[in-house]
Amino acid sequence: EEARQEVADTMDKQFFQPSAASEMGGVGQPFLSDPMRGTGEDDMPEAAPFIRPGATVISAGTSLFGDLRAEGDVEVLGKLKGNLEATGNVRITGKVLGDVKGGAVTLAGCAIQGNITATASVCLDEGALVVGDILATDLESGGKVKGNLQIARSASFLPKAVLAGNVSAGMISICQGAQIQGAMRIAEDPETNSLFGDGLEI
């Protein structure tokens with residue numbers, strides 16, 4: 001609890017500092033794990049953009065205080081102190097002090113203190129930091145998370161991933177180099193249990 005409070009205090013003090021994404025000129029740039037990003041190969045059809053036209057955007061250098069509820073996609077390049085709820089996808093490269101809810105959620109070089117709920121996937125790059133629980137259908141993490149994860153299908157941890165908390169998922173994949181401090185639970189699969197039958201008969 002003391003560690004969680006220390007991280008929370010640090011994030012609160014840094015809330016008005018320039019984000020890493022804006023300093024590097026990486027505003028609005030998708031990263032590899034965007035669920036709807038194209039491969040770039042000539043023989044592949046172009047995928048729909050992760051953040052679609054008409055999205056609500058908190059631009060870099062902007063600080064918003066209060067809850068935000070939006071129809072469609074949301075992109076946070078600046079800072080939000082309040083809860084965020086969107087009916088579409090969410091991409092965050094800035095800082096958020098509050099809960100985040102959306103379809104697919106992409107976190108790139110950002111800092112979030114609050115719980116994340118996604119009806120689809122949650123993807124974190126190596127620069128993402130989350131202090132809070134995550135509830136999603138799928139997870140791909142290369143960043144740092146302090147909280148518990150409840151994933152319906154697949155949870156994948158890339159080599160630079162750090163998790164301080166428990167994870168429950170239908171399938172868990174851990175790359176060499178990932179650090180996980182907590183309990184892991186694989187959801188029971190009736191189809192797998194059926195492979196063993198009712199036991200031996202003698």
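Here is a short walk through some charged side chains and their partners in this predicted model.

Let's begin with the salt bridges, of which the count comes to four. One of them joins Arg52 to Asp73, with the closest N and O atoms 2.8 Å apart. This pair links distant parts of the chain: Arg52 sits in the loop between helix H2 (20–23) and strand S1 (56–58), and Asp73 in the loop between strand S3 (68–70) and strand S4 (74–76), 21 residues apart. Arg52 is partly exposed, at 36% relative accessibility, whereas Asp73 is buried at 5%.

Strand S4 also holds Glu75, whose partner Arg91 lies in strand S7 (residues 90–92), 16 residues apart. Their closest N and O atoms are 3.2 Å apart, forming a salt bridge. Here Glu75 is buried, with a relative accessible area of 9%, and Arg91 is buried as well, at 5%.

Next come Asp138 and Arg153, whose side chains meet in a salt bridge at 2.5 Å, N to O. Asp138 belongs to strand S16 (residues 138–141), while Arg153 is in the loop between strand S18 (149–151) and strand S19 (154–157), 15 residues apart. Asp138 is buried at 18%, but Arg153 counts as exposed at 52%.

What, then, of Asp125, which is buried yet has no salt bridge? Its nearest side chain of opposite charge, Lys144, is 9.1 Å away; because a salt bridge needs the nitrogen and the carboxyl oxygen within 4 Å, that pair does not qualify. Asp125 is found in the loop between strand S13 (121–124) and strand S14 (129–131). From there, its side chain reaches the backbone nitrogen of Gly127 at 3.1 Å, and a polar atom of that side chain lies 2.9 Å from the backbone nitrogen of Gly109.

Notes
Residues are numbered from 1 along each chain as its sequence is written. This is a predicted model: local features need pLDDT of at least 70, side-chain atom pairs count only at pLDDT 80 or more; totals for chains, interfaces and linings use all residues. Side-chain values use heavy atoms; hydrogens and water are left out. Helices (H or I, at least four residues) and strands (E, at least two) are DSSP runs, numbered from the N terminus. Buried means under 20% relative accessible area, exposed over 50%, partly exposed in between (1.4 Å probe, protein chains only). Lys and Arg count as positive and Asp and Glu as negative; His and the chain ends are not counted. A polar contact is a pair of N or O atoms within 3.5 Å; within protein, one must be able to donate a hydrogen and the other to accept it, and residues adjacent in sequence count only if both atoms are side-chain atoms.
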